[in-house]
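Student: I'd like a close look at the metal site in this one, and then a walk outward through the packing around the rest of the fold. Could you take me through it in one go?

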Amino acid sequence: MWIDTHCHFDVSEFDLDRQQVAAQASAVGVEAIAVIGYLAQHWPNLLAVCASIDAPKLLPVLGLHPCYIAEHQSEHLQQLEQYLQQSACIAVGEIGLDTYVAEIKGQALYQKQQDFFSAQLQLAKHYQKPAILHVRKAHADVFRLLRAQKFSQGGIVHAFSGGIEEAKMYAKLGFKLGIGGSLTYPQAKRLHNVVAAMPIESLVIETDAPDMIPQPFRNLDAHHTRNSPAYLPCIAQALADSKQLSLAELAPILWQNSCQALHLSLKSERVNLASHLL
Ligand SMILES: [Zn+2]
């Protein structure tokens, strides 16, 4: 019924009970999870995790995250290209620019962020893969680099944090907006305004687990110190409320949006796509 378009299911927070969490996610209707890369040294493990679980279907996405820019080397770009040649991943990500974190926005590192972002966009373009973008306080530069590359594969702007004008610009450039746990936070007014202003066809949902715990699961008890792909329906519900749709109406639309953004032709076991008319 649902696709988690952004989850870090490979990280050690899930090492002790990954199979159990996957079963919980399956039980609440999560049929696929995009598992998003961030550091080259973790890619082999990410691919191994994706191969180790059948349900939900785990979809590997490989890329070099801008927040780890100091650690990326040019040979990591060559490794990424090798994986793309082998069709080991469905998309390139998460890639982008971040000037929110003080340590990585100095001139030299910010230039390196832009160089690695451009190089990865070029690879995504060459291998016709969508891009999963991480963008914080750098939308204008991201627009400039997407245009400079004439990037037309689309993808998802994960954990979208911009305003309405920026949201519209991403839609124009072929990207969906990734909506996550923030939508369940009452104080996230700007995001609520963006969601209200944008057509539902521009949106997809994500957990970003183990980060971004949705409001209902925050500080509950010692077991709720991490986010989980099994909490995805809570984000779907927040989006359904905000768009005044039922979950049954929302599910096929989001399924189609996610498949379009990730270039997938996935069949849902639980969503009747024929039942909805776009
Ligand atoms: Zn992420």
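Tutor: Let's start with the ligand pattern: along the chain, the donors of the zinc ion follow the spacing H-x1-H-x85-E. Keep in mind as we go that this is a predicted model. The protein atoms doing the job are NE2 of His6, NE2 of His8 and an OE of Glu94, and they lie 2.1 to 2.2 Å from the zinc ion. How buried are the two histidines? His6 has 0% relative accessibility, so it counts as buried. His8 comes out at 8%, and because the cut-off for buried is under 20%, it also counts as buried.

From the metal, let's move on to strand β3, which covers residues 57-62 and holds Leu58. With a relative accessibility of 6%, Leu58 counts as buried. Skip the residues up to four places away in sequence, and Leu58 touches Phe9, Ile33, Val35, Val49, Cys50 and Ile53. For a sense of scale, Leu58 and Gly29 are 29 residues apart in sequence, and their C-alpha atoms are 14 Å apart in space.

Next stop is helix α4, residues 107-126, where you'll find Leu121. Leu121 is buried too, at a relative accessible area of 0%. Leaving out neighbours within four places in sequence, Leu121 is in contact with Ile95, Ala131, Leu145, Leu146, Gln149 and Phe151. Measure a longer span if you like: from Leu121 to Glu206 there are 85 residues along the chain, and 22 Å between the C-alpha atoms.

Two of those Leu121 partners, Leu145 and Leu146, bring us to helix α5. That helix runs over residues 139-148, and its buried residues are His139, Val142, Phe143, Leu145 and Leu146. As a reminder, an α-helix has 3.6 residues a turn, so residues three or four places apart point the same way. What do the buried residues of α5 pack against? They pack against β4 (91-98), α4, β5 (131-136), α6 and β7 (175-179). Just after α5, have a look at the backbone of Lys150, which takes a positive phi of about 50°.

Since α6 is on that list, let's follow it to its pairing with α7. Two packed helices are described by the angle between their axes and the distance between the axes. For α6 (residues 164-172) and α7 (residues 189-197), the axes come within 9 Å and cross at roughly 45°. That angle is why α6 and α7 are called oblique to each other. The crossing of α6 past α7 is right-handed. On the α6 side, the contact is made by Ile164, Glu166 and Ala167, and on the α7 side by Arg190, Asn193, Val194 and Ala197. Sorted by class, the residues of this α6 and α7 contact give four nonpolar, one polar and two charged.

Finally, put α8 and α9 beside that pair. Helix α8 (residues 232-243) and helix α9 (residues 247-261) have axes that come within 10 Å and cross at roughly 105°. These two are therefore roughly perpendicular to each other. Here Ala236, Gln237, Leu239 and Ala240 in α8 meet Leu247, Leu250 and Leu254 in α9. The class count for the contact of α8 with α9 is six nonpolar, one polar and no charged residues.

Terms used:
Residues are numbered from 1 along each chain as its sequence is written. This is a predicted model: local features need pLDDT of at least 70, side-chain atom pairs count only at pLDDT 80 or more; totals for chains, interfaces and linings use all residues. Side-chain values use heavy atoms; hydrogens and water are left out. Donors are N, O and S atoms within 2.8 Å of the metal (3.2 Å for Na, K and Ca); water is not among the atoms, so sites may look incomplete. Buried means under 20% relative accessible area, exposed over 50%, partly exposed in between (1.4 Å probe, protein chains only). Axes are lines fitted to C-alpha atoms, for helices over the stretch in contact, and angles run from 0 to 180 degrees between N-to-C directions. Helices (H or I, at least four residues) and strands (E, at least two) are DSSP runs, numbered from the N terminus. Angles under 35 degrees count as roughly parallel, over 145 as roughly antiparallel, 65 to 115 as roughly perpendicular and the rest as oblique. A crossing is left-handed if the near helix is turned anticlockwise from the far one by less than a right angle, and right-handed if clockwise. Contact means heavy atoms within 4.5 Å. Ala, Val, Leu, Ile, Met, Phe, Trp, Tyr, Cys and Pro count as nonpolar, Asp, Glu, Lys and Arg as charged, and the others, Gly among them, as polar.
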